[in-house]
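Here is a set of questions and answers on one model. Please look at the sequence and structure first.

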Amino acid sequence: QFESLAAFKGRFAEFQDHLASAMRLIASIEGKDTRQFTYVLNYMVQLGILADMDEWLAVRSLRNAATHDYSEPEGTKALHFHSLLQHTHYLYETLDRLIRFSVTAYPKK
């Protein structure tokens, strides 16, 4: 079970990292300032890809904690894994909105 939980934690973090990269790429293609990721997040809100920055940042905090929870008590780790699981749908919903935007904004020729 440890390996499965570690893999889940790693995939969750990697998934959010890939979404962040895709958002930064879209903002860059659209000529937006990407020097700070909050600029990118704000633009994603404007596009309707994110409802607001706060949820993304809260999930990012979970992601960051997932990579540094080595010495936490087992009960704390269990709650953290539960929170990651509860937010997995958010990442998939964000992916879906990114895909829908991309298909519309950058159609195949």
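**Salt bridges and core**

At 30% relative accessibility, Asp 33 counts as partly exposed (buried is under 20% relative accessible area, exposed over 50%, partly exposed in between; 1.4 Å probe, protein chains only). This is a predicted model in which local features need pLDDT of at least 70, side-chain atom pairs count only at pLDDT 80 or more, and totals for chains, interfaces and linings use all residues. Residues are numbered from 1 along each chain as its sequence is written, and side-chain values use heavy atoms, without hydrogens and water.

Q: Which residue meets Asp 33 in a salt bridge?
A: A salt bridge is a side-chain nitrogen of Lys or Arg within 4 Å of a carboxyl oxygen of Asp or Glu. For Asp 33 the N to O distance is 2.7 Å. The partner is exposed, with a relative accessible area of 71%; it is Arg 35.

Q: Which residues do shared salt-bridge partners join into one network?
A: The side chains of Asp 17 and Arg 60 meet at 2.7 Å, N to O. Asp 17 lies in helix α1 and Arg 60 in helix α3, so this pair ties together parts 43 residues apart in sequence (helices are DSSP runs of H or I, at least four residues, numbered from the N terminus). Arg 63 also forms a salt bridge with Asp 17, at 2.9 Å, N to O. The network is Asp 17, Arg 60 and Arg 63.

Q: Is Arg 63 buried or exposed?
A: The relative accessibility of Arg 63 is 13%. Buried means under 20%, so Arg 63 counts as buried.

Technical notes
Helix = DSSP H or I, 4+ residues; strand = E, 2+ residues; numbered from the N terminus.
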